[in-house]
Amino acid sequence: MSRDVLPQVPLLINGEFVQSRSSEWREVINPATQQRLARVPMATPDEVAAAVAAAQAAFKTWRKTPIGQRARIFLKYQQLIRDNLKSLAATLTAEQGKTLADAEGDVFRGLEVVEHAANIGSLQMGERAHNVAGGVDTYTLLQPLGVCAGITPFNFPAMIPLWMFPMAIASGNTFVLKPSEQDPLVTMRLVELALEAGVPPGVLNVVHGGEAVVNAICDHPDIKAISFVGSTRVGTHVYQRASLAGKRVQCMMGAKNHAIVLPDAHKEQTLNALAGAAFGAAGQRCMALSVAVLVGAARAWVPELVERAKRLAVGAGDSATTDVGPLISCAAKERVEALIARGVAEGARLELDGRLPPLHGALKDGNFVGPTIFSGVKPGMVIYEQEVFGPVLVIVEAETLDEAIALINANPNGNGTAIFTQSGAAARRFEEEIDVGQVGINVPIPVPVPLFSFTGSRASKLGDLGPYGKQVIMFYTQTKTITARWFDDDAVTSGVNTTITLK
């Protein structure tokens with residue numbers, strides 16, 4: 001397909017899809033075949049400013065929209081997503097590479113947040129205390145902040161945008177979204193459906209871009225809060241720059257997620273869980289299980305784990321037989337392959353080498369790395385210290401549960417962790433002693449449902465409040481506390497009170 005006839009991804013400003021006037025464009029590439037799918041603009045400073053201005057103007061009326069009216073929009077929106085789930089997943093697979101089943105899961109986990117947003121009438125309730133002093137009541141209002149913004153990554157182009165703008169908008173804010181420039185097509189389709197559901201002009205806006213647009217969002221004085229999911233390097237930059245500009249910021253960043261396997265664990269279920277959590281989505285998840293800590297006799301399970309990984313089929317995501325799709329880009333493939341080579345050079349045992357999987361035809365140029373397993377890995381090795389973000393599982397050994405817990409707690413990251421055991425006592429000890437924000441017990445990827453909040457911790461997170469769930473309502477609202485006293489017409493005054501007490 002010629003560059004000149006590639007579809008151009010629009011911006012969304014004040015309810016209108018508009019073509020950017022930018023002179024800088026990038027191509028959206030199918031990572032399985034290198035087919036060019038579309039061109040995406042790096043928005044100009046004026047276009048970013050126009051998006052924020054539209055959101056600022058829309059906030060004046062949207063913040064006063066009755067809460068039931070807001071909720072009904074998201075009731076309609078969730079049905080539209082359900083009706084279009086298959087086509088959304090197909091678009092996602094074409095531009096991102098994950099399997100169709102995983103793409104549907106990507107959309108569905110975002111849909112769950114939209115369903116939660118439709119419950120905003122219960123979520124955005126304040127508190128009231130009657131007669132806290134003589135005739136005095138105190139109550140709180142959870143009021144929207146204004147214009148909020150979201151910066152989302154390539155690996156979940158449906159779920160993570162749906163983590164952000166539905167909860168922000170349902171709370172009465174307006175929103176500027178910057179999706180990943182690598183796979184914005186499914187995000188834009190979700191935005192179209194949001195407008196169809198009734199989101200008014202200016203309430204949701206979309207700009208595309210790289211570092212310059214991110215910096216413009218961090219700096220703009222009318223943006224009150226920013227939600228970010230992505231790499232630690234970029235997240236740290238966003239947090240520091242936006243915080244200095246006086247904004248609320250939440251940044252979900254990199255990880256190195258460990259799972260402890262005790263010898264009493266259910267072997268079949270555990271080995272299947274390890275393989276699925278390590279190699280699903282080609283390892284491109286911030287919650288991917290990238291370190292298995294085998295304790296005691298479980299250290300003998302490595303050959304069986306390798307056999308399961310060997311049986312996983314590598315290929316294009318739109319094939320029903322594929323288990324592991326491509327990495328997002330050529331650069332990502334080169335980086336993962338370089339880290340595998342580094343692991344070999346540092347002395348780890350390469351139990352399964354996923355480099356150069358046997359693929360043919362259009363797939364031979366795809367960004368494929370197959371399941372890869374290292375054993376004999378030690379802290380200090382690069383493949384242990386760095387987030388690989390590919391289908392690479394490293395195996396560390398420990399003699400005892402205490403040794404395994406100490407190993408995990410010594411790692412700076414705190415996104416997720418898990419334990420596999422049939423011992424309730426061991427599981428309870430683990431959940432008490434482990435210093436990680438999200439814990440799974442016989443669950444390899446413990447991402448909570450939207451009734452709860454995503455609670456990554458330590459170096460995996462900057463900011464106090466997590467996305468979605470109850471915490472994000474606090475993030476997207478300002479608590480206003482009101483203390484009120486009303487007097488009867490015949491009330492007797494007690495004179496001037498010069499103290500701070502209420503009587």
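Is the crossing of helix 3 and helix 4 left-handed or right-handed? Keep that in mind while you set up the view.

This is a predicted model, where local features need pLDDT of at least 70, side-chain atom pairs count only at pLDDT 80 or more, and totals for chains, interfaces and linings use all residues. Residues are numbered from 1 along each chain as its sequence is written, and side-chain values use heavy atoms, with hydrogens and water left out.

**Stop one: helices 3 and 4.** Select residues 85-96 and 100-117 (helices are DSSP runs of H or I, at least four residues; strands are E runs, at least two; both are numbered from the N terminus). The crossing is right-handed. The two helices pack at about 115°, their axes 8 Å apart (axes are lines fitted to C-alpha atoms over the stretch in contact; angles run from 0 to 180 degrees between N-to-C directions). Show Leu85, Leu88 and Leu92, among the helix 3 residues that meet helix 4. Leu100 and Val107 are among their partners in helix 4 (contact means heavy atoms within 4.5 Å).

**Stop two: helix 10.** Select residues 267-279. At 1.5 Å a residue, its 13 residues should span 18 Å, and the end C-alpha atoms are 18 Å apart, which agrees (the expected span is 1.5 Å times one less than the number of residues). Buried residues here include Leu271, Leu274 and Phe279 (buried means under 20% relative accessible area, 1.4 Å probe, protein chains only). The buried residues pack against elements including helix 11 (302-310) and strand 13 (289-295). Then click alanine 281, which follows helix 10 and has a positive phi, near 60°.

Conventions. Buried means under 20% relative accessible area, exposed over 50%, partly exposed in between (1.4 Å probe, protein chains only). A crossing is left-handed if the near helix is turned anticlockwise from the far one by less than a right angle, and right-handed if clockwise.
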